Amino acid sequence: MKKSIVALAIAGIFAIPSAMAVEVNGAINIGLDRSKTSGSATSSDNVSATSIETGNTRLSMSHSQDLDNGMVADVFVELHYPLTVANGNIQNRNSTVGLSGDFGSIRFGTNENAYERMIYAHNYHEGDWKYGPISIMGVAPAGAGNDAQMRSHIWDRTNNTLIYKGPDGPMAIELDYAFGGSNTTATRTPSLLSMALEYTMGGGVGLWAGYQVATDWAGNSATPTAARDDSALIFGASFGLGSMGFHVAMETMEWKDTTNNVTTERSAWKVEANYPMATGRIGVSYAVADDSDEDNAGTNTTTDDGADTLTIGYYHPMGPGVQLFAMYSKTTNDPAGEYNFAIFQAGAGTAGMDYTNYIFGISVGF
């Protein structure tokens, strides 16, 4: 179905004037995922299973309107379709409304934060799939267990968000500030600040960084009972050697339960390579999380909870917007490690388990 017909149909449903000015696009990513879990002392946890998994399957609609003062008003609505989940509901993904001009743009709405996009934007694997560095980068460790509310806020899709993006140029900047909304209490005023900088130097060379601080942030759980400040910093570089492209990055994350005087720190790094071929391309990524360090009221503990993950993918274009892909991923945890973010698991996710996945799929964009 042509985009103009889809736009007209959707505009009719929502009674949008200027229907033909609405842009509609999206993608369906589907993969057959064979998973094996291993390394558990409980033999029943070490199993294999097959599932059909969805990556970044989405539908988006956008519209912009030139204003008399030279600015542009725009609206963007993006919906996520959980195609492989029984009775799955269509979910709001990124949806904003705002104004753009020489100053850049200011928008309001729901947003995957700037820090998260720095991880995804410098990723050679298929779309927003579940494998690669995201199994480790931006993810909280198991820790020593003395901070019951320690969790990552990098992957929280924030509502109540004010978004600023700087004007076009070699230096790109984004600032996101999420208000606490209904999670505000008499003693807690949650907030989340996420920032990203990216400098393009030309010739395939670029520098980028992300920073985020979450204060008493609830995210997908209840407002913390203890006062806390959780922060993360990532910085990286992108460059080319011949026909190959590379990403490298370092990350530090810190969780502070200031009520109980518990601080946990974790460092990680990643390296990625992209090799173009006559028939497609190969993407390779390797990421490592160091053991976390905890300071519990002056008592220092280093927990054996690190991990590493390797992902190799082959991506074969079939035509405009259509791509076949095959991926192999292996995440290996240390004895106390629990890194399994977004991985399809054949068995229970317990400390020290390893996860091996083989994925074959197709991506169709429009």
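In the predicted model, helix α2 is mostly covered, with 7 of its 8 residues buried. The buried positions of α2 are Ala114, Tyr115, Glu116, Arg117, Met118, Ile119 and Tyr120. At the N-terminal end, the helix is capped by Asn113, a side-chain oxygen of which lies 3.2 Å from the backbone nitrogen of Tyr115.

Helix α2 also takes part in the largest nonpolar core of the model, which has 25 residues. The residues with the most contacts inside this core are Ile119, Ile136, Met137, Ile154, Trp155 and Ile234. Two or more residues each are given to the core by α2, β11 (228–241), β12 (244–257) and β14 (280–289). Of these elements, α2 gives the most, with 5 residues. Nonpolar side chains tend to be buried together in soluble globular proteins.

The surroundings of Ile119 were examined further. When residues up to four places away in sequence are not counted, Ile119 touches Ile134, Met137, Gly138, Ile154, Trp155, Ile234, Glu251 and Lys270. Another core, of 9 residues, lies apart from the largest one; Tyr131, Tyr315, Ile343 and Tyr355 are among its members.

Aromatic contacts were considered next. A pair of aromatic rings is described by the distance of the centres and the angle of the planes. The model holds 7 aromatic pairs. One of them is formed by Tyr120 and Trp155, whose rings are 5.6 Å apart from centre to centre, with 70 degrees between the planes, an edge-to-face arrangement. This pair links distant parts of the chain: Tyr120 belongs to helix α2 (residues 114–121), whereas Trp155 lies in the loop between α2 and β7 (157–165), the two being 35 residues apart. Tyr120 has a relative accessibility of 17% and therefore counts as buried. Trp155 is likewise buried, because its relative accessible area is 16% and burial requires a value under 20%.

A second edge-to-face pair is formed by Tyr177 and Phe179; the ring centres are 5.0 Å apart and the planes stand at 75 degrees, over the 60 degrees that this class requires. In this pair, Tyr177 is partly exposed, with a relative accessible area of 33%, and Phe179 counts as partly exposed at 44% relative accessibility.

The contact between Tyr120 and Trp155 belongs to a wider grouping, since Tyr120, Trp155 and Phe341 form one aromatic cluster. Trp155 is thus named both in this cluster and among the residues with the most contacts inside the largest nonpolar core.

Note on methods: Residues are numbered from 1 along each chain as its sequence is written. This is a predicted model: local features need pLDDT of at least 70, side-chain atom pairs count only at pLDDT 80 or more; totals for chains, interfaces and linings use all residues. Side-chain values use heavy atoms; hydrogens and water are left out. Rings of Phe, Tyr and Trp (its six-membered ring) pair if their centres lie within 6.5 Å; planes under 30 degrees apart count as stacked, over 60 as edge-to-face and the rest as tilted. Helices (H or I, at least four residues) and strands (E, at least two) are DSSP runs, numbered from the N terminus. Buried means under 20% relative accessible area, exposed over 50%, partly exposed in between (1.4 Å probe, protein chains only). A polar contact is a pair of N or O atoms within 3.5 Å; within protein, one must be able to donate a hydrogen and the other to accept it, and residues adjacent in sequence count only if both atoms are side-chain atoms. A nonpolar core is a set of buried Ala, Val, Leu, Ile, Met, Phe, Trp, Tyr and Cys residues joined through side-chain atoms within 4.5 Å. Contact means heavy atoms within 4.5 Å.
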